[in-house]
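Hello,

Here is the structure I promised to pass on to you. Have a look at it first, and then read on for what turned up.

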Amino acid sequence: MQIEPQAFDRVLSSMCTEPHPAARDAAERFLATNPGDPGTYPNVSALEDDAIALLSEIAGLDEPAGYVTSGGTEANIQAVRIARDRAESRSPNVVMPESGHFSFQKAADLLGVELRLVPTDARHRADLEAVRASV
């Protein structure tokens with residue numbers, strides 16, 4: 001059962017608000033630096049390594065890989081990109097419940113991946129029969 005994704009016009013981004021003065025000051029002071037640069041910020045790099053190791057342990061992964069993103073949208077775009085690149089199909093798709101984050105719509109559109117949405121039940125769980133039918 002294919003359903004329509006939510007419209008982007010319902011999203012009010014935090015980019016529409018005025019930042020706290022301390023946040024503005026920090027952003028201006030470090031605007032020309034990249035905290036993701038392990039040579040400049042080795043402690044940040046070590047924290048990222050620790051986070052990846054911990055998450056891989058929780059997920060039971062033998063060979064973890066990844067990085068910490070600036071937010072959920074970037075993380076979801078990267079997840080779809082990795083899934084697309086690992087797919088054994090020329091026309092991959094991603095199946096997600098209707099309650100999934102709208103950034104998956106962006107990711108699928110940007111990356112040329114078909115997004116298949118499935119309904120959820122009263123407890124907000126994905127309908128597994130719909131998932132099976134969509135895979």
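Along β1, which side chains point to one face and are buried, and which point to the other and are not? Val94 and Met96 are the buried ones, sharing one face, whereas Asn93, Val95 and Pro97 point to the other face and are not buried. Please keep in mind that this is a predicted model.

First, the overall picture. The protein chain has five helices and two strands, and their order along the sequence is α-α-α-β-α-β-α. Of its 135 residues, 17% are buried. The accessible surface of the chain is about 10,400 Å², and carbon and sulfur atoms account for 55% of that. Among contacts with a separation of 6 or more, 43% are between residues 24 or more positions apart.

Now to the strands. β1 (residues 93-97) and β2 (residues 114-118) run parallel and are joined by five bridges. Methionine 96 has leucine 117 of β2 as its bridge partner, and asparagine 93 stands opposite glutamate 114, also in β2. Together with helix α4 (residues 103-111), the two strands form a right-handed β-α-β unit.

The buried face of β1 leads on to the core. The largest nonpolar core consists of ten residues: Val80, Val94, Met96, Phe104, Ala107, Ala108, Leu111, Val113, Leu115 and Leu117. At least two of these residues come from each of β1, α4 and β2, and α4 gives the most, with four. This fits a familiar tendency: in soluble globular proteins, nonpolar side chains tend to be buried together. Valine 94 is a good place to look at this in detail. Leaving aside neighbours within four places in sequence, valine 94 is in contact with Val80, Val113, Glu114, Leu115 and Arg116.

Val80 brings in helix α3. This helix (residues 72-86) has 15 residues and spans 21 Å from its first C-alpha to its last, close to the 21 Å expected at 1.5 Å a residue. Asn76, Gln78 and Val80 are the buried residues of α3, and their cover includes β1 and α4.

Finally, two residues of α4 that you may want to compare. Is serine 103, in helix α4, buried or exposed? Serine 103 counts as buried because its relative accessible area is 0%, which is under the 20% cut-off. Not counting residues up to four places away in sequence, serine 103 touches Gly72, Thr73 and Asn76. Asn76 is also one of the buried residues of α3.

Lysine 106 lies in α4 too. Why does lysine 106 count as partly exposed? Its relative accessibility is 32%, and partly exposed covers values between 20% and 50%, so lysine 106 falls in that class. Lysine 106 and threonine 73 are 33 residues apart in sequence, yet their C-alpha atoms are 8.5 Å apart in space. Threonine 73 is also one of the residues that serine 103 touches.

If you open the model, β1 is a handy starting point: from the face with Val94 and Met96 you can move on to the ten-residue core, and from there to Val80 in α3.

Enjoy the look around, and send me your thoughts whenever it suits you.

Best wishes

Key. Residues are numbered from 1 along each chain as its sequence is written. This is a predicted model: local features need pLDDT of at least 70, side-chain atom pairs count only at pLDDT 80 or more; totals for chains, interfaces and linings use all residues. Side-chain values use heavy atoms; hydrogens and water are left out. Two strands pair if DSSP finds at least two bridges between them. A crossover is right-handed if, with the strands pointing away from the viewer, the path from the first strand over the helix to the second runs clockwise. A nonpolar core is a set of buried Ala, Val, Leu, Ile, Met, Phe, Trp, Tyr and Cys residues joined through side-chain atoms within 4.5 Å. Buried means under 20% relative accessible area, exposed over 50%, partly exposed in between (1.4 Å probe, protein chains only). Contact means heavy atoms within 4.5 Å. Accessible areas come from the Shrake-Rupley method with a 1.4 Å probe; for residues, only the protein chains shown count as cover. The expected span of a helix is 1.5 Å times one less than its number of residues.
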